Structures are given as structure tokens and as C-alpha cells.
Amino acid sequence: MKLILARLTQFARCFPKGHLMACAALFGLLSAAVILPTSGATPDEKPAVRALTLPAPKARPASEQATEALAAAEQTPDFHWREITVSPGDTLSRLLQAEGVSAGQVHRLVTADKRLAALTNIRPGDVMRVALDDAQQLVALEHRISRVESLHAEYSDESWTVREEKRDYERQVRYAQATISDSLFLSAQRAGMTDNLIMQLVNIFAWDVDFVLDIRQGDSLEVLYEELYLDGEQVGTGNILMANFNNRDRRLTAFRYETQEGNIEFLDIAGNSLRREFIRTPVEFARISSRFNPNRRHPVLNTIRAHRGVDYAAPTGTPIRATGDGRVEFAGVRGGYGNVVVIRHGQQYSTLYAHMNSFARGIRAGVRVRQGQTIGTVGMTGLATGPHLHYEFLVNGTHRDPLTVQLPKARGVADEERRDFLVYANRLRNQMALHAEAFTLAQNF
């Protein structure tokens, strides 16, 4: 109630008292005209508005309503809003105390809610609005976290009420296509795709395409994606909705689909998941320096020693990803392998990552990891001639070539919603075809 009265006060103070009295009187007259029956109506005429059959409440005099509203406004404390932009070196306590807020109030604010505690991590450029009453007591605060996210806090009844707000982007569907002439990144960038879109594309097809080995000149791609707008201004790119990738003699198609359970999946036209239980490569865009070879001559020992994995050459510090969900079985030093992580993926599969420079925080035996999670960085610990990752893939304890092993697929769309998916996928296909036709016409114009 106090909050409502405060809002009424702010509204009431924006207009002269005489105007408010007149508006209240006019409102009362209009209410009476709508609710009460017209006295001159004939029995055959239908009333203009049919109200509930309950008796209409007796209208109070307009002057009385206006007087009460003004009295309530006068009893509500006035809020004085001030906008603050965070500069380098600023702290929340220093900024608020400069506005007259006591240290005790700042402490009560940040300890009232964990979301308010995050205000202690404000950054240069952040914008806050604070409201103080006549007694210089902090009664409201707004923190604009980003262009779409904000945090609102209001003080009443000796406690803070917190709410988070998130604006919705305006989304427009766009189309892009590219033919690869040199590299995927350069070709896609020339087609107008952002780094965000390119990485989405790579992640969508990561289980079927090795973007280190499989890309060839003449491969092509086309994507249907979202552009994000706020207040009429483009602020970024959103999700890929549909993508086609032509690689050698293969045509791969992916549809972004939200299942009834709320999960986001990329599916083929039959509703099967493109995702495997494992991604093909643990280091993005690295160079393969040594392949799986049971008869390889060791570069340091100069003896014939089986190479039961694949080496990915990459700069020291390059992130290493877990290729599948699982539990860390070992994390430590293991002879010539140097720093090693071994992950167990259920009963059948395990993966090994060797010569690591460092382990990611929290990576230790017994910890569960998710597919794509960073588990460490590339290095050259142990017997290594340069920074690289040695990666092994084992099935039932037997080493398999990580580049050719058949990876198990994840579950696709449920049978009961397959029809809904097919309708949705065909709609996207038609949309893609229209965009492609318009693009071709524009190119030939």
C-alpha cells in the first residue's frame, strides 16, 4: 500500500491541485454515466453498456475523492532520484555515502539479499539510480546491469524488496550464405556472419564435421538466424534457427527446436539429434601434428612406440574441452604424459588428455564434468617437443582412433511431439528457400 501511495504521490505532484480536482470530478461524472441506467430510455431500447446485475455502488462526490487523494499524497514522503555512473576506482559504499547514505544503510542494503550483495562488484560504466526520502534515507535503488537486464530494490516496512527485470529483444530473421574459398572463418565473415554466428555453426555440426580436417575449398553453407534489436537499434545477433552445410559430398541440415521439456536441440529433418554423446575434437581449430599410429617412432625416445591417440598442436594456454559428460577418474602427473586428466563416461567409454599445462579450477578425481567444459589448458609437460594436447579415446578399455571411431548419438525429439517438429521444420525450410531466392535475385540484379 505504501508503494502505491508513493506512486500516486509522484503522479499527483506533476499537476496543479486545481487540475487534479477537475479530473477527479470529471471521472466521477463519467463513472456515474456508465454505471447508472439512463432515465429517459424506453422499454424497447437496449442499454449502451451492460454491467453486472449486482447493484451499482453509490458514487461518492468527486470533490471528496480528490481531497482524499491529495491528503494521501501529502502524507507520503517525497523521493529524490539521482543517477550515478560508476567511474574507475569507485565502490558502492563510496558512491552512496557521497549521496548522503550512511555506512549502516549501505551494509543493510548489501546484506539483505544475495542479488543486492552483487552490487559490491559494480564496474566502470555501470549506471545506478538511487532514491532518498526527505530524511536522507535510502528508499529505492535501480542498477542497470546491461541494456536488457536491471535490478530494482525498494525499502518498505523495514525490509528490502528486490525484483529483476529483463527486456525482450525485437527479433528479425536474416539469411546468409557463403562458399568456402580459403577458411571457414574468413569466408563466413565475408558473407556478413559474426564470430558468434560462426561459432554457433561450428558447435552445431561439431559431431559430424572435423573443422580441422574435413573442410575443403568449394564447401558451402547457408544459415537462417536472428538479428537482435532494442529501441529500433541493432545490438547483436541471436540464435541460428536453421543451417545447411555442404561438405564434400555430404549435405547436413540442422533445425533449432525447443522440446516440450524446454530443452534446446539441433535436429535433422527426421527429428534425430545432431548431437553425439562426444564431440569429435577437444581443442577448437588446432592443427593435428600426429595421428593414431600403432607403429609410430617416438620423437623423443627415437624408438618404435605405438601412438594410441591424436596430437593437437596449439599455443600454450589454449583451452581443452571435455569431449563428453562424465566423471574425472584421474587428474595429476603420469610419467611421460606429464599433467593428465582421465574422464570415465559411463561403463563403456573413457578419454585421456595429456601434456596439459594446467588443470582448470575444481578439476580433480571424483568431480563430474559436462561436455564442452574446460578441464585445463594445452602445454608441453612430460615427454613433449612442443605445446600440444595428446588425446586418447578408449572403448571398453581398448584404444580407438579418435578421428574415425563411431560416436554414439544422443536422443532426438520424442515420438509424441515429432509431428509438431516436422511442421515447424517445414516452415523453416520454406522460409530459407524464400530468403535464398531473394538473395540470388539480388546478386543477379
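This is a short dialogue on how to read some features of a predicted model.

Colleague: I am new to this one. What is the mean pLDDT of the protein chain, and where does pLDDT stay under 50?

Modeller: Good place to begin, since this is a predicted model. The protein chain has a mean pLDDT of 82, and 80% of its residues reach 70 or more. Over residues 10-63, pLDDT stays under 50, and the model has 22 contacts beyond four places in sequence for them. Residues 69-77 also stay under 50, with 13 contacts beyond four places in sequence.

Colleague: Thanks. Now a strand: how many residues of strand β19 are buried?

Modeller: Let me start with the general idea. In a regular strand, side chains alternate between the two faces of the sheet. Here, His 388, His 390, Glu 392 and Leu 394 point one way from β19, while Leu 389, Tyr 391, Phe 393 and Val 395 point the other way, and all are buried. Eight of the eight residues of β19 (residues 388-395) are buried, so the strand is largely enclosed by the rest of the structure.

Colleague: Which strands pair with β19, and in what sense?

Modeller: Look for bridges, and then for the residues that stand opposite each other. Strand β12 (residues 310-313) pairs with β19 in the antiparallel sense over four bridges, and Tyr 312 has Leu 389 as its bridge partner there. Strand β16 (residues 349-359) is also antiparallel to β19, over six bridges; Ser 350 stands opposite Leu 394 in this pairing. Then there is strand β20 (residues 398-400), joined to β19 by three bridges and running antiparallel. In that pairing, Leu 394 stands opposite His 399.

Colleague: What lies between β19 and β20?

Modeller: A turn with two residues, as the two strands form a hairpin. Asn 396 in that turn has a positive phi of about 55°.

Colleague: Where else can I look at hairpins, and how many residues lie between the strands?

Modeller: Try strand β3 (residues 138-144). With strand β2 (residues 127-132), β3 shares six bridges in an antiparallel pairing, where Ala 131 stands opposite Ala 140. The hairpin of β2 and β3 has five residues between the strands, and Gln 136 in the turn has a positive phi of about 60°. On to strand β4 (residues 149-156): five bridges join β3 to β4, and the two run antiparallel. His 143 stands opposite Leu 151 here, and this hairpin has four residues between its strands.

Colleague: Is β3 largely enclosed or largely exposed?

Modeller: Five of its seven residues are buried, so β3 is largely enclosed by the rest of the structure.

Colleague: And helices? Which residues of helix α8 are buried, and what covers them?

Modeller: For a helix, list the buried residues and then see what touches them. In α8 (residues 195-204), they are Leu 197, Ile 198, Gln 200, Leu 201, Val 202 and Ile 204. Their cover includes α7 (184-190), β7 (220-230), β8 (233-247), β9 (250-258) and β10 (264-267). For a contrast, turn to Lys 114 in helix α6 (residues 114-117): Lys 114 is exposed, with a relative accessible area of 75%.

Colleague: Last one: how many cavities are there, and what lines the largest?

Modeller: The structure holds two cavities of 30 Å³ or more, and the largest has a volume of about 110 Å³. Its lining includes Val 202, Asn 203, Phe 211, Glu 284 and Arg 321. By class, that lining has seven nonpolar, two polar and three charged residues. Val 202 also appears among the buried residues of α8.

Notes: Residues are numbered from 1 along each chain as its sequence is written. Side-chain values use heavy atoms; hydrogens and water are left out. Buried means under 20% relative accessible area, exposed over 50%, partly exposed in between (1.4 Å probe, protein chains only). Contact means heavy atoms within 4.5 Å. pLDDT is the predictor's confidence in each residue, from 0 to 100. On a 1 Å grid over the protein atoms alone, a cavity is a set of points where a 1.4 Å probe fits but cannot get out, and a pocket is an open set with protein on both sides within 12 Å along at least five of seven lines; lining residues have an atom within 4 Å of a point. Grid points are joined across faces, edges and corners, and a volume is the space filled by probe spheres set on the points. Ala, Val, Leu, Ile, Met, Phe, Trp, Tyr, Cys and Pro count as nonpolar, Asp, Glu, Lys and Arg as charged, and the others, Gly among them, as polar. Two strands pair if DSSP finds at least two bridges between them.
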